[in-house]
Amino acid sequence: MKILILSSTFPYPPTRGGTQVRTFNLLKYLSQRHSITLVTQRESDVTESEIADLRDCVDNLVVFERPPDTGTTAGIPQKIQRLGTFLLKGTPPSVLNRYSVEMQTWVDNFVKAGKCDVITCEHSVNEIYIRPHFQKQVKTIVNIHSSVYGSCLNQLATGTSENKLRDKINLPLLRRYEQNYCSKFSNIVVTTIEDKQQLQQLNQNAEIAVIPNGVDLVTFPNRSTDPGGYRIIFIGAMDNLANIDAVCFFSNEVLPEIQKIYPDTTFDIVGSRPAPEVLELQNQPGINVTGRVPSMAEYLHKSTICVVPMRTGFGIKNKTLEAMAAGIPIVASDRGLEGLAVDGETTPLRALRANQPAEYIAAITQLFEQPELRFQLSTNGRQLVETEFTWEIAGQCYEQVCLGNNNNIYAI
């Protein structure tokens with residue numbers, strides 16, 4: 001097939017975290033048997049060597065400059081104007097901010113010339129480039145990494161919203177937006193059953209496939225030894241709001257209590273582009289903010305425990321799967337474990353679940369004190385990833401959607 005992949009986020013290197021990991025690994029799999037044209041945008045930190053490396057992964061790479069984000073510096077009049085535009089056009093400002101007229105023209109011409117059989121939008125923000133009439137010419141797929149309506153609803157419900165008034169106003173608009181843009185696509189792909197149920201309510205007749213995230217087992221090998229000690233780690237892109245909230249919550253409400261019991265406890269926050277509020281956490285005892293590192297696995301292997309204290313954000317978390325693949329025992333919230341079977345009467349114990357500070361303290365204490373429990377979680381977590389969550393499995397399923405074989409889709 002000739003597949004056109006749209007990604008306004010530059011999906012290389014996959015170690016950047018975030019949406020890049022899923023996008024890169026799926027296009028890497030599809031490129032083995034299909035002709036891939038990738039259209040993407042570059043930000044200021046994307047290097048020429050990274051563009052060259054990505055070009056080697058696809059048949060045709062087209063790179064546009066990302067439009068400047070005016071949302072972060074907008075004053076009150078501009079914010080009111082943006083809300084008015086959202087009301088009238090039905091598209092969120094976060095999507096419009098990334099929109100490139102030049103990229104739209106290129107896509108229109110490419111489709112009109114009949115140069116592709118399938119278009120995939122990697123993350124819903126790319127839906128803006130899909131015209132409703134494209135469905136008559138080609139198969140159109142949107143790979144929704146997480147529901148924007150569901151995420152907003154969750155932030156309001158959990159009290160993690162940055163701006164409650166704004167999000168309460170936006171919530172019905174996001175519901176309408178998600179319902180409208182989904183109608184443009186032949187197929188919808190999500191990462192969890194929960195997201196499928198959320199979107200099915202908005203689009204009852206939609207073809208929705210559940211394709212979980214995966215892990216590159218070469219990049220994240222199983223650790224050979226348990227280092228013991230009192231070293232806790234969190235991994236992820238550190239300009240992501242959900243990740244920022246997670247590490248701030250853990251650093252302020254959990255870590256100090258752990259350090260009262262185990263004074264030598266350290267907390268490594270490992271990931272690219274740490275936001276100012278994350279960098280400030282280094283002023284607290286035992287916290288180390290690394291920024292981008294050459295190897296996440298190397299840092300994971302040195303750690304006693306990985307925490308995933310997410311309070312918001314939908315979908316299977318790459319960070320959880322990567323830590324499991326590396327053989328690191330995990331303590332995580334319901335959000336951090338979404339889409340994964342990790343406990344229960346008939347399920348091998350693969351992670352410890354915690355949502356409140358006291359639950360984190362109890363779980364971390366257990367793991368610090370019990371090497372046999374660490375070994376159990378390490379073994380069972382790695383086995384789960386090997387059997388159900390590799391990019392090979394995810395890629396095969398995504399290929400089936402592109403081919404139109406929806407009945408064969410693997411779902412957890």
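1. A word on terms to start: a residue is called buried under 20% relative accessible area, exposed over 50%, and partly exposed in between, using a 1.4 Å probe and protein chains only. By that yardstick Ile-233, at 0% relative accessibility, counts as buried.

2. Some housekeeping before going on. This is a predicted model, where local features need pLDDT of at least 70 and side-chain atom pairs count only at pLDDT 80 or more, while totals for chains, interfaces and linings use all residues. Residues are numbered from 1 along each chain as its sequence is written, and side-chain values use heavy atoms, with hydrogens and water left out.

3. Back to Ile-233, which sits in strand E8 (residues 231–235); helices (H or I, at least four residues) and strands (E, at least two) are DSSP runs numbered from the N terminus. Leaving aside neighbours within four places in sequence, Ile-233 is in contact (heavy atoms within 4.5 Å) with Phe-267, Asp-268, Val-270, Tyr-299, Leu-300, Ser-303, Ile-305, Cys-306 and Val-307. Thr-304 is 71 residues from Ile-233 in sequence, yet their C-alpha atoms are 8.0 Å apart in space.

4. Now the cores. A nonpolar core here is a set of buried Ala, Val, Leu, Ile, Met, Phe, Trp, Tyr and Cys residues joined through side-chain atoms within 4.5 Å. The largest one has 62 residues, and the members touching the most others are Phe-250, Phe-267, Ile-269, Leu-300, Val-307, Val-331 and Ile-364. Helix H9 (residues 241–261) gives the most to this core, with 10 residues. There is also a second, separate core of 30 residues, with Leu-6, Met-103, Val-138 and Val-142 among them. As background, nonpolar side chains tend to be buried together in soluble globular proteins.

5. Ile-269 deserves its own point. Not counting residues up to four places away in sequence, Ile-269 touches Phe-234, Met-238, Val-247, Ser-251, Val-278, Leu-281, Ile-287, Asn-288, Val-289, Thr-290 and Gly-291.

6. On to the second largest pocket. A pocket is an open set of points on a 1 Å grid over the protein atoms alone, where a 1.4 Å probe fits, with protein on both sides within 12 Å along at least five of seven lines; lining residues have an atom within 4 Å of a point. This one holds about 250 Å³ of space, a volume being the space filled by probe spheres set on the points, which are joined across faces, edges and corners. Its lining has 15 residues, and Lys-89, Thr-91, Glu-127, Ile-128 and Lys-184 lie nearest the centre. Helix H7 (residues 164–182) gives the most to that lining, with 3 residues.

7. What is the make-up of that lining in nonpolar, polar and charged residues? The split is 7 nonpolar, 4 polar and 4 charged, where Ala, Val, Leu, Ile, Met, Phe, Trp, Tyr, Cys and Pro count as nonpolar, Asp, Glu, Lys and Arg as charged, and the others, Gly among them, as polar.

8. If you're wondering about cysteines, the structure holds 0 disulfides, a disulfide being a pair of cysteine sulfur atoms within 2.5 Å. Cys-57 is unpaired because its sulfur is 17 Å from the closest cysteine sulfur, in Cys-402, too far for a bond. Cys-57 is partly exposed, at 24% relative accessibility. For Cys-248, the closest cysteine sulfur is in Cys-306, also 17 Å away and too far for a bond; Cys-248 is buried, with a relative accessible area of 18%.

9. A few backbone spots to check by eye. Most residues other than glycine have a negative phi, and most peptide bonds are trans. A cis peptide bond, with omega about -5°, joins Tyr-12 and Pro-13, and Pro-13 lies in the loop between strand E1 (2–7) and helix H1 (19–30). His-123 has a positive phi near 90° and is found in the loop between strand E4 (118–122) and strand E5 (139–143). Arg-273 has a positive phi too, about 50°, in the loop between strand E9 (266–270) and helix H10 (276–279).

10. Last, Arg-311, in the loop between strand E11 (305–308) and helix H12 (318–325). Arg-311 is partly exposed, with a relative accessible area of 29%. Beyond four places in sequence, Arg-311 touches Asn-154, Thr-158, Thr-160, Asp-245, Phe-249 and Arg-335.
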